[in-house]
Structure formats: C-alpha cells, structure tokens
Amino acid sequence: MASRGTEYEFDVFWSHSGEQKDFVIELDSRLCNLRGSWKAGFNNFLDTKHNSLPAGQNFPPNIDNAIEKSRIAVVIISKSFLRRWWPMQELSAFQETRAIILPVFYGVKPSELASHNSDTRVAEWRQLHPHLTDKTAIRWITALDDIRSKSGYEIASSIGDVNSPKLQRRLLSDISLLLAAQVLKEERVDSENLGWACKDIDEELSAKNHTAEHMENSAALLLKWNVIPYLVAHMKFLHETDDPVIKCAGWALDHIFYHSPNANVKGEAVRAGAVEVLADMLRNEDGAKPAAFCLRSILGSTSTCNKACHKLNVINELSNGAIVGAIYGSLY
C-alpha cells in the first residue's frame, strides 16, 4: 500500500530486540488482519535477524532504506532493547526522519530513560560495546530523552499484560489512526490511500464495539497531529475532481466533530475553509449527507456559529437559497 502515490515504501517499522520477537510478530499479524478485503493491505517492515549482526557496522541497505521510507516507527523499549547495539541505532536514526514514533515501554518506565541516568547508562554501554564512540553515545542519549517525552504505552513484561486483548486492541487502533494522520499530511497521496485513511478514521470513531472513551481518545489523538486543515484541503480536492472518496472524508470529519468536546475543533475547521467546501459538497451526490451533518455540528457550536452562519448566508444568496434547502433535505 505505501508504495503507491507516495514517497513512503513502508507503513510500519517494528523496532525491537530479539527477546520481544514473538510479541512483535503477533502484533504485526493482528494489525494486518484489521483490514478488510476492500482495503489496500499494510506493507510493514519486520526484520527478526539483524539483532545477530556484529555491532559497530553500518546498517544493512534494506534496514537503512526502511528507516528512511517508513511512515511510523513502533519502538518496543525493553531492558534488552536498551542494551543492544542495533535497536539503539535504529531509535537514534529515526530522530532524523519524518516518521511518527510510537513508543511501547515494555517492562521499562519512561522515567528510567531520564538524562540524569545518562552517565550510568553510557558506562554500561561502554562495557557492552567497547568500540562505542562519544558521538554515538550522545546520539543514543538524545534519542532516549526524546522518546520518553512522547505519548505511548506502558506494559508490564508479564504474560497477562503483554497478551491483554484490550491493550493490544487499543495499540493497534492507535497505529491505524496514526497511519491515517500521516497519509492526510502527505503532499503526494493518491485517491486509494486517501480513501483508506478516511475510512479508518470513520470506522474507529463509529464502531459499535468501541466505548465512548475509546472514540474520544481516538479523536484526541488525531487532533494532536493537526489533521483538520489537511482533511479539509483533501475534501476540497476530492469535490473538485468528483471523487466518490469525498463521502469517506466527510464522515471522517463529522465523527471527529462528534467525539471532540473541545469547540475549538469546529473553529479550526471554519478557519481552514470547511464551510465553503461543505456547502459545495451539498451539491455532490456522494458528499451531501456527511456535509450536512458536518455543517450541523459547526452551526451547533456557539464559538463558531456566527462566523459560519455569515459565510453560509453569503453562499446561500449566491445560490438563490439552494444551500438551506440542501441542508434540510440531506438531514431529514
């Protein structure tokens, strides 16, 4: 999937130590099974052999390429990860890419990675890797300091916690949403990739088996990555090209509105030009209904209603009253 219409070749890069190989293989398998037959499949990078390579060498070409061309890096930070050459090299290398980094702290607390522990950690690294240079040690410490400040997952290394269906489901859901957010922010993305990204957002924020808390957290995750302006821009393009994917994009925006208690979300959409785009979508057979629901959400927000109403009134005058009728007809 990642190779079509984009500069990325891989969706997820799994970074881990050999001890967590079985855990990662299981997650990768479950992630790939999330997609139905209508969707493009995931193209993930999972290498289970490079941990046995001699330390001190450069990355093999396939790993170097995967680091550069992956949308997301899921990094399983464990005690063994922190002692291994190749996992630490991967972590520091990802600091120089555009990939979203999602840490999973596996039997390790983020506070253990604090910089005040750096002298002890570097001393341990030098015992394990006598060829370690000062430059590499600084890169590793910087990478750890960065990763501990990122939002991620903390799991105990016990079998029960690792195999928790609830934890795995939440983790895989977030990976899917982060992939969608990354796709929306890409400049060169084709209709197929854009379609599955919007569909993933739509499904994650409307699935009947998800709790309200789950969907609110999902919406908050998307907003953290500032997806609203990008989603609105894509909706404008999809409408102009009469692409049926506009329907998925419209519902994705509506569900973000619905599960985001913060009214600033609607204001951000108005500033991004959503009112004009949604008004145009009302004339589109595929996009009319989600556009009507999005406009209803915007008009129901006290912080954005006046500005949105003014824009709609101007558009309505230009279209001889067709906008109000279209909204009413689409909602009822």
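A contact here means heavy atoms within 4.5 Å. With that in mind, load the model, which is a predicted one, and let us walk through it.

**Stop 1: the whole chain**

Start with everything shown as a cartoon. You should find 17 helices and 4 strands. Of the chain's 332 residues, 54% count as buried. Among contacts with a separation of 6 or more, 74% join residues 24 or more positions apart.

**Stop 2: the largest nonpolar core**

Next, select Ile175, Ile201, Leu231, Met235, Ile256 and Leu278 and show them as sticks. These residues have the most contacts inside the largest nonpolar core, a set of 65 residues. Which helix gives the largest share of this core? That is helix α8, residues 165–184, with 11 residues. In soluble globular proteins, nonpolar side chains tend to be buried together.

Now centre on Ile175. Leaving aside residues up to four places away in sequence, Ile175 touches Val12, Trp14, Leu31, Ile72, Val74 and Leu102. A second core, separate from the largest one, has 31 residues, including Ala66, Val75, Ile77 and Ala93. Give the two cores their own colours before moving on.

**Stop 3: α8 against α9**

Keep α8 on screen and add helix α9, residues 191–204. The two helices pack with their axes 9 Å apart, at an angle of about 140°. That angle makes α8 oblique to α9. Their crossing is left-handed. To see the contact from the α8 side, select Ser173, Ser176, Leu177, Leu179, Ala180, Val183 and Leu184. From the α9 side, pick Asn193, Leu194, Trp196, Ala197, Cys198, Asp200, Ile201 and Glu204. Coloured by class, the contact of α8 with α9 shows 10 nonpolar, 3 polar and 2 charged residues. You have already met Ile201, one of the residues with the most contacts inside the largest core.

**Stop 4: α4 against α6**

Hide those and bring up helix α4 (residues 85–94) with helix α6 (residues 134–147). Their axes are 9 Å apart and the packing angle is about 70°. Angles of 65 to 115 degrees count as roughly perpendicular, and α4 and α6 are therefore roughly perpendicular to each other. This crossing, too, is left-handed. On α4, the contact uses Trp85, Met88, Gln89, Leu91, Ser92 and Ala93. Across from them on α6 sit Thr136, Arg139, Trp140, Ala143, Leu144 and Ile147. By class, the contact of α4 with α6 has 8 nonpolar, 3 polar and 1 charged residues. Ala93 also belongs to the second core.

**Stop 5: an enclosed helix**

Select helix α14, residues 274–281. Is α14 largely enclosed or largely open? Because 6 of its 8 residues are buried, α14 is largely enclosed by the rest of the structure. The buried ones are Ala274, Val275, Val277, Leu278, Ala279 and Met281. Leu278 is also among the residues with the most contacts in the largest core.

**Stop 6: three loop residues**

Finish in the loops. Gly18 lies between β1 (10–15) and α1 (21–33) and is partly exposed, at 36% relative accessibility. Put a distance label from its C-alpha atom to that of Arg84: the separation is 9.4 Å, with the two positions 66 residues apart along the chain.

Then jump to Asn226, in the loop between α10 (212–224) and α11 (228–240). Asn226 has a positive phi, near 55°, in a residue other than glycine, and is partly exposed at 35% relative accessibility.

The last selection is Asp242, in the loop between α11 and α12 (246–258). Asp242 is not a glycine, yet its phi is positive, about 55°. At 55% relative accessibility, Asp242 counts as exposed.

Note on methods. Residues numbered from 1 in each chain as written. Predicted model: local features only at pLDDT ≥ 70, side-chain atom pairs only at ≥ 80, totals over all residues. Heavy atoms only, no water. Core = buried A, V, L, I, M, F, W, Y, C linked by side-chain atoms within 4.5 Å. Buried < 20%, exposed > 50% of the residue type's maximum accessible area, 1.4 Å probe, protein only. Axes fitted to C-alpha atoms, helices over the stretch in contact; angles between N-to-C directions. Parallel < 35°, antiparallel > 145°, perpendicular 65-115°, else oblique. Left-handed = near helix turned anticlockwise from the far one by under 90°. Nonpolar A, V, L, I, M, F, W, Y, C, P; charged D, E, K, R; others polar.
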